[in-house]
Amino acid sequence: MDFRDIPQLIAQMLMEVIQTHIPHQWIYNAEPFINPNGKISYDYSGEVRKMKKEEFAELVRSLGRSKGSRFYCSPLDELLNNVYIDQWVPTYMSNYGKHWVTYCDLLRETFDQWKYSHFEIYDEDGNEVNEDLNLQLDEIFEDFLENTSHEPFVREIEKTIA
């Protein structure tokens, strides 16, 4: 495979993520629970709900302008890390038990599955046999996030919001 084709493949993966998962917005919520000592504690994982057109438009307007924007390498990275799906994974962190899955998480997972099924990076025992190739493929993924316009993906997400 020509490595120059991989960014287009990642774009197709992202389109599939967008088309198969309804966009959700994260909402702050402190959920009380009784801890093992019998006292009330709180989980600050929040919750998600289906995103409305107005909420999505506000997210798009704020790309690169919000306080948290400096944590992202590009508007696309910020967008994908702020659109959630109605699914979470455990964090095993006190008071933050749920990590709500983002479009970026799904894209990374899809890319990693593709990478491991098309290239010999690990042997049968799980030992890395081609670290340079693994790093090169990860760099292509990161370059995609950093250098690809978010606009076509914004339009695609807008189509999925009811």
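Helices here are DSSP runs of H or I with at least four residues, numbered from the N terminus. Keep in mind that the model is predicted.

**Exercise 1. Place asparagine 127, then relate it to isoleucine 34.**

Step 1: asparagine 127 sits in the loop between α4 (103–118) and α5.
Step 2: its relative accessible area is 42%, so call asparagine 127 partly exposed.
Step 3: isoleucine 34 belongs to strand β2 (residues 31–34), and at 58% relative accessible area isoleucine 34 is exposed.
Step 4: C-alpha to C-alpha, asparagine 127 and isoleucine 34 are 42 Å apart in space, with their positions 93 residues apart in sequence.
Step 5: Ile34 also joins Ile40 and Tyr42 in a nonpolar surface patch of about 310 Å².

**Exercise 2. Check the length of helix α5, then work out which residues face which way.**

Step 1: α5 covers residues 131–147, which is 17 residues.
Step 2: the expected span is 1.5 Å times one less than the number of residues, which gives 24 Å for α5.
Step 3: the end C-alpha atoms of α5 are 24 Å apart, so the two values agree.
Step 4: now list the buried residues of α5: Leu133, Asn134, Leu137, Ile140, Phe141, Phe144 and Leu145.
Step 5: these cover an arc of only 135° around the axis, so they lie on the same side of α5.
Step 6: flip to the other side of α5 and you find Asp132, Glu139 and Asn147 exposed.

**Exercise 3. Find the salt bridge between arginine 108 and aspartate 138 and say what it ties together.**

Step 1: the cut-off is a side-chain nitrogen of Lys or Arg within 4 Å of a carboxyl oxygen of Asp or Glu.
Step 2: for arginine 108 and aspartate 138 the N to O distance is 3.2 Å, and the two side chains meet in a salt bridge.
Step 3: arginine 108 is in helix α4 and aspartate 138 in helix α5, so the pair ties together parts 30 residues apart in sequence.
Step 4: arginine 108 has 23% relative accessibility, so it counts as partly exposed.
Step 5: widen the view, and Arg108, Asp112, Lys115, Asp138 and Glu142 turn out to be linked in a network of salt bridges.

**Exercise 4. Classify the ring pair of tryptophan 26 and tyrosine 28.**

Step 1: the structure holds 10 aromatic pairs.
Step 2: in this one, the ring centres of tryptophan 26 and tyrosine 28 are 6.4 Å apart and the planes are at 70°, so the pair is edge-to-face.
Step 3: tryptophan 26 is partly exposed at 33% relative accessible area, while tyrosine 28 is exposed at 54%.

Definitions and conventions:
Residues numbered from 1 in each chain as written. Predicted model: local features only at pLDDT ≥ 70, side-chain atom pairs only at ≥ 80, totals over all residues. Heavy atoms only, no water. Patch = residues over 30% accessible without salt bridge, like charges linked within 9 Å, V, L, I, M, F, W, Y side chains within 5 Å. Areas by Shrake-Rupley, 256 points an atom, 1.4 Å probe, with all protein chains shown as cover. Helix = DSSP H or I, 4+ residues; strand = E, 2+ residues; numbered from the N terminus. Buried < 20%, exposed > 50% of the residue type's maximum accessible area, 1.4 Å probe, protein only. Phe/Tyr/Trp six-rings, centres within 6.5 Å; stacked < 30°, edge-to-face > 60°. Arc of directions from axis to C-beta.
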